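This report describes the enclosed spaces in one protein and the surroundings of its ligand. The structure is shown first, and the cavities are taken up before the ligand.

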Amino acid sequence: MKTALVTGASRGIGRAIALRLAADGMRVVVHYARDADAAAAVVEEAGRGSFAVRASLPSELDALVAALPPLDVLVNNAAIGLPAPIEDVTPEAFDEVFAVNVRAPFFLVQRALPVLKDGGRIVNISSGATRIAMPVGIAYSMTKGALDTFTRTLALHLGARGITVNTVAPGVVDTDANASWLRGNAEAEAAMAARSALGRIGYAGDIADVVSFVASERARWVTGAWIDATGGAHL
Ligand SMILES: NC(=O)c1ccc[n+]([C@@H]2O[C@H](COP(=O)([O-])OP(=O)(O)OC[C@H]3O[C@@H](n4cnc5c(N)ncnc54)[C@H](OP(=O)(O)O)[C@@H]3O)[C@@H](O)[C@H]2O)c1
């Protein structure tokens with residue numbers, strides 16, 4: 001049985017990815033930061049010997065690495081947003097968003113490489129925000145731009161081991177991250193839906209299905225790719 005680590009798997013897109021990979025037959029390491037009950041519910045639904053690991057990233061990376069079994073798939077999903085234009089970004093907020101969104105996946109991969117099997121998969125969850133200019137999230141977009149470069153560069157570096165490295169880039173998805181301005185706000189939802197060629201906002205399962213493909217044997221010839229999962233937003 002294959003084993004996948006999904007960071008930030010207690011809710012949102014990470015939760016959907018964890019459950020999708022479990023449905024694909026994998027055991028899942030359900031990483032989370034705060035909500036043990038939510039993580040336990042994902043573990044129960046995933047089954048197959050899945051288990052949860054708590055670690056705030058990047059500060060508690062050691063705890064996560066220590067708990068890792070040999071891995072077939074590593075999904076860097078955990079991240080935070082920073083909805084602020086350049087004028088309002090403090091040095092502290094800048095450092096925090098880079099620590100969680102860039103430093104954590106960088107050193108998680110570095111530390112997990114010894115347990116990641118040859119022929120394995122790394123999937124980085126970026127954002128459609130790196131394909132467009134989004135001034136209101138400038139620092140956040142920059143973190144995802146760094147992650148995109150991480151993907152392409154790692155793909156070349158790890159190809160000799162048969163490990164593929166790809167980016168999956170969601171657009172606006174209905175998760176807690178957007179709940180404050182999107183959920184129950186029909187006007188905001190309609191505005192976001194209008195940006196997509198397919199005329200709706202995204203749902204976590206839309207993203208999880210793409211990750212499922214990238215993590216599978218069917219994607220063996222895809223590496224270093226930036227896979228658009230925005231429903232054709234801003235085309
Ligand atoms: N939602 C969107 O519209 C959208 C669009 C483009 C890209 N994305 C990307 O998709 C991914 C998932 O987004 P989402 O909307 O599902 O996010 P979410 O609902 O806010 O969930 C974030 C997850 O990351 C974990 N996390 C956050 N900070 C952490 C930290 N410091 N250490 C460890 N874990 C931490 C959270 O754990 P706790 O629950 O324990 O706090 C949670 O499980 C992110 O990479 C995000 O940038 C999302």
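Helix 4 (residues 91-112) gives the largest share of the lining of the largest cavity, namely three residues. The model is a predicted one. The full lining of this cavity consists of Thr7, Leu57, Asn76, Asn77, Ala78, Val100, Ala104 and Pro105. Five of these lining residues are nonpolar, three are polar, and none is charged. The space inside the largest cavity comes to about 50 Å³.

Searching the whole structure gives two cavities of 30 Å³ or more. The second largest cavity holds about 40 Å³ of space, and its lining is made up of Asn76, Asn77, Ala78, Ala79, Asn101, Pro105, Ile125, Lys144 and Leu147. Helix 4 and helix 5 (138-158) are the elements that give two or more residues to this second lining. Sorted by class, the second lining has five nonpolar residues, three polar residues and one charged residue. Asn76, Asn77, Ala78 and Pro105 appear in the linings of both cavities.

**Ligand surroundings**

Which residues are closest to the ligand? Of the 31 residues that surround the ligand, the closest are Arg11, Arg34, Asn77, Tyr140 and Thr175. Asn77 is thus named here as well as in the lining of the largest cavity. For three of the closest residues, the distances from N or O atoms of the protein to an oxygen atom of the ligand are as follows.

| Residue | Part of the residue | Distance to a ligand oxygen atom |
|---|---|---|
| Arg11 | side chain | 2.5 Å |
| Arg34 | backbone | 2.7 Å |
| Tyr140 | side chain | 2.7 Å |

On its own, the ligand has 900 Å² of accessible area, and the protein covers 92% of that area. Helix 1 (12-23), helix 5 and helix 6 (176-182) are the elements that give two or more residues to the shell around the ligand. The largest share comes from helix 6, with three residues. By class, the shell contains 15 nonpolar, 11 polar and five charged residues. Helix 5 therefore has a place in two of these descriptions, as one of the elements listed for the second cavity lining and as one of those listed for the ligand shell.

**Annotated domain**

In an unreviewed UniProt entry, the annotation "domain: Ketoreductase" covers residues 2-171. Over that stretch the chain is 42% helix and 22% strand. The C-alpha atoms at the two ends of residues 2-171 are 29 Å apart.

Note on methods:
Residues numbered from 1 in each chain as written. Predicted model: local features only at pLDDT ≥ 70, side-chain atom pairs only at ≥ 80, totals over all residues. Heavy atoms only, no water. UniProt positions renumbered as here; feature names shortened; annotations may be inferred. Helix = DSSP H or I, 4+ residues; strand = E, 2+ residues; numbered from the N terminus. 1 Å grid on protein atoms, 1.4 Å probe; cavity = no way out; pocket = protein on both sides within 12 Å on 5 of 7 lines; lining within 4 Å. Points joined across faces, edges and corners; volume = space filled by probe spheres on them. Nonpolar A, V, L, I, M, F, W, Y, C, P; charged D, E, K, R; others polar. Near = heavy atom within 4 Å. Polar contact = N/O pair within 3.5 Å; in protein donor to acceptor, adjacent residues only side chain to side chain. Areas by Shrake-Rupley, 256 points an atom, 1.4 Å probe, with all protein chains shown as cover.
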